[in-house]
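Please walk through this structure with me, one part at a time. The text below goes from helix packing to the sheets and then to single residues.

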Amino acid sequence: MSQFVLAIDNGTTSTRAIIFDRSGKRCGIAQKETTQYFPQSGWVEHDPMEIWNNTLEVISSALADAKLSASDIAAVGITNQRETTIVWDRATGIPLYNAIVWQDTRTQSVADELTENEGINRFSQLTGLPLTAYFSATKIAWILDNVPGARARAEAGELAFGTPDTWILWNLTGGVDGGVHATDVTNASRTLLMSLATLEWHDDLLDVFSVPRAVLPQIRSSSEVYGTAVGPLSGVPVSGILGDQQAATFGQAAFNSGETKNTYGTGCFLIMNTGTDIVHSTNGLITTVAYKLGSEPANYALEGSIAVAGSLVQWLRDNLGLISDASEIEALATSVPDSGGAVIVPAFSGLFAPYWRTDARGVIVGLTRYVNRAHLARAALEATALQTRDVVDAMSTDTGVSIPDLRVDGGMVKNEFLMQFQADVLGIPVRRPSVSETTALGAAFAAGLAVGFWKDTDELRALWAEDARWNPAMSESDRDRQMRVWRKAVSKSLDWIDDDSPAL
């Protein structure tokens, strides 16, 4: 009997394969970085073929690491960077263009035109989403309109669109030889093309964004058998798909309404489960699908998406040379007692939740001759926690629920200073689970449920264990002062993009 589940985790900066046993323990892992392409200011791309080749490599390496074969694997789950857009030729499997990454802002002018009369929330009641370039719809249209002949071929059914989950699933189940062209409800909910109520592609939205129905994948649940793998996982059912942030929520066992997690990765993504209720935000949050298990009703969520978190640390390393490795930032930040009055607002491509201001750009304010690189390192970490506080406040206002504690995951949660500062500015405990790879674990959970590897969500909940907890130690007056200064700094980042800055 197969005793393990393998999860494929395609993130923004790398692809990983992780193997878990029945207790949720990691038994094998492999990881491969993804090349980042920045052809122009505001453009961010990946090579889809690199993503697929890296996927094959990490699957084989993870099996070798665990000393297992495909026959030991009960199921495969997929989790992925959401909104990232790939269009490929169904007959050859060759992408028409690089993947346009979720961070890419090249289509913002199209989104702006569509919001001109009815505002950014034009489709929010239908989709739960603000109308911005963040989501997939305008990215699909850009590829079809900018690759010669692509639109006609798309309308003829020769092309396929997918976020990375769909691309990996299609290739993993045979590609040009019968690959399954499908996505799950969590990824479909991030396209601006799906109705939250019906969980189906919506014709009016397809017309507005000029996306032919023929390119779209079938929308399925997050936990069911989609097909059978070929290649290094030959014969193994592929049975779980969740967008990365929903997967992290699932891996954190946040199955009940009101339970909340925050993932600290390239960006920050805070999700609160709202159960089977669709809760529409009036405070700058996204309404999205949390998960759908087989034929059961969908669970929904409120999400606060923060564009820049870990990528700010990368910027300090790669663009400014303040550190040589990301792991150095905590020691540097804690070498000073505060940020020296400096505040960083990392609005590199505008501000996401709860502001949704595409005219914003990054600023460093409060600079004096006293400020040095240690102060900037501390200000960068503080910015991540302060952005999260903005989202938590919006979420509490929308739901009327005071979050009792925050479950956290992602690469940055190893940073003890950041986690303590997060607890301080929130005024609630911050809790880190014993299994750090919660995104991959969530995809494994969804896949395992579909094939009976795990019985139900109660069994999964029993697997969650706390590794560390940070309790708030900051006074309420200091907490309030931190937020006043932060929001003053945010105000300085706004209204930067205008006719005098067309290239930014």
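In this predicted model, helix α12 (residues 373-399) and helix α16 (residues 476-493) pack with their axes 11 Å apart, at an angle of about 95 degrees. Angles of 65 to 115 degrees count as roughly perpendicular, and α12 and α16 are therefore roughly perpendicular to each other. On the side of α12 the contact is made by Ala 383, Leu 386, Gln 387, Arg 389, Asp 390 and Asp 393. Helix α16 contributes Arg 479, Gln 482, Met 483, Trp 486 and Arg 487. By class, the residues of this contact are five charged, four nonpolar and two polar.

Helix α12 also lies across strands β13, β14, β16 and β19, and its direction makes about 145 degrees with that of β16. These strands belong to an open sheet of seven, in the order β15-β16-β14-β13-β19-β20-β21, and the pairing is mixed. The edges are taken by β15 (286-291) and β21 (466-470); each has a single partner strand, so one side of each is left without a neighbour in the sheet. From one strand to the next, the twist averages 30 degrees.

What encloses an edge strand such as β15 is not settled by the sheet order alone, so its burial is worth stating: six of the six residues of β15 are buried, and the strand is therefore largely enclosed by the rest of the structure. Its pairing with β16 is antiparallel and runs over five bridges. In this pair, Tyr 291 stands opposite Asn 299 of β16. Elsewhere in the sheet, β19 (residues 406-409) and β20 (residues 430-433) pair in the parallel sense over two bridges. There, Leu 406 has Val 430 of β20 opposite.Helix α9 (residues 244-251) lies across β13 (260-264), β14 (268-275), β15, β16 (299-306) and β19, running at about 125 degrees to β13.

A second open sheet has six strands in the order β3-β2-β1-β5-β12-β11, again with mixed pairing. Strands β3 (26-33) and β11 (223-228) are at its edges, each with a single partner strand, so one side of each is left without a neighbour in the sheet. On average, neighbouring strands here are turned by 25 degrees against each other, direction ignored. Within this sheet, β5 (residues 73-80) and β12 (residues 237-243) pair in the parallel sense over five bridges. The bridge partner of Val 76 in β12 is Val 238. Helix α9 packs on this sheet too, touching β5 and β12, and its direction makes about 105 degrees with that of β12. Helix α9 thus touches β12 here and lies across β13 of the seven-stranded sheet.

Two other helices are mostly covered. In α6 (residues 164-172), nine of nine residues are buried, including Trp 167, Ile 168, Leu 169 and Trp 170. Polar and charged residues are also on the list of buried positions, among them Asp 165, Thr 166 and Asn 171. Gly 174, which follows α6, has a positive phi, near 130 degrees.

In α4 (residues 136-146), nine of the 11 residues are buried. Among them are Lys 139, Ile 140, Trp 142 and Leu 144. The buried residues of α4 pack against β6 (86-89), β7, α2, α5 (150-155), β8 (159-162) and α8 (203-209).

Lys 139 of α4 is also one of the residues touched by Asp 104. Asp 104 is found in the loop between β7 (99-100) and α2 (108-115). Is this aspartate buried or exposed? Residues under 20% relative accessible area count as buried, and Asp 104, with 2%, is therefore buried. Its side chain reaches the backbone nitrogen of Val 44 at 2.6 Å. Apart from residues up to four places away in sequence, Asp 104 touches Gly 42, Trp 43, Val 44, Ala 133 and Lys 139.

Another acidic residue, Glu 437, is placed in the loop between β20 and α14 (438-450). At 10% relative accessibility, Glu 437 counts as buried. Which residues does Glu 437 contact, leaving aside its neighbours within four places in sequence? They are Arg 16, Ile 18, Phe 20, Arg 26 and Ile 29. With the side chain of Arg 26, the side chain of Glu 437 makes a polar contact of 2.6 Å. Ala 133, which Asp 104 touches, is 304 residues from Glu 437 along the chain, and the C-alpha atoms of Ala 133 and Glu 437 are separated by 29 Å.

Conventions. Residues numbered from 1 in each chain as written. Predicted model: local features only at pLDDT ≥ 70, side-chain atom pairs only at ≥ 80, totals over all residues. Heavy atoms only, no water. Pairing = 2+ DSSP bridges. Helix = DSSP H or I, 4+ residues; strand = E, 2+ residues; numbered from the N terminus. Axes fitted to C-alpha atoms, helices over the stretch in contact; angles between N-to-C directions. Contact = heavy atoms within 4.5 Å. Parallel < 35°, antiparallel > 145°, perpendicular 65-115°, else oblique. Nonpolar A, V, L, I, M, F, W, Y, C, P; charged D, E, K, R; others polar. Buried < 20%, exposed > 50% of the residue type's maximum accessible area, 1.4 Å probe, protein only. Polar contact = N/O pair within 3.5 Å; in protein donor to acceptor, adjacent residues only side chain to side chain.
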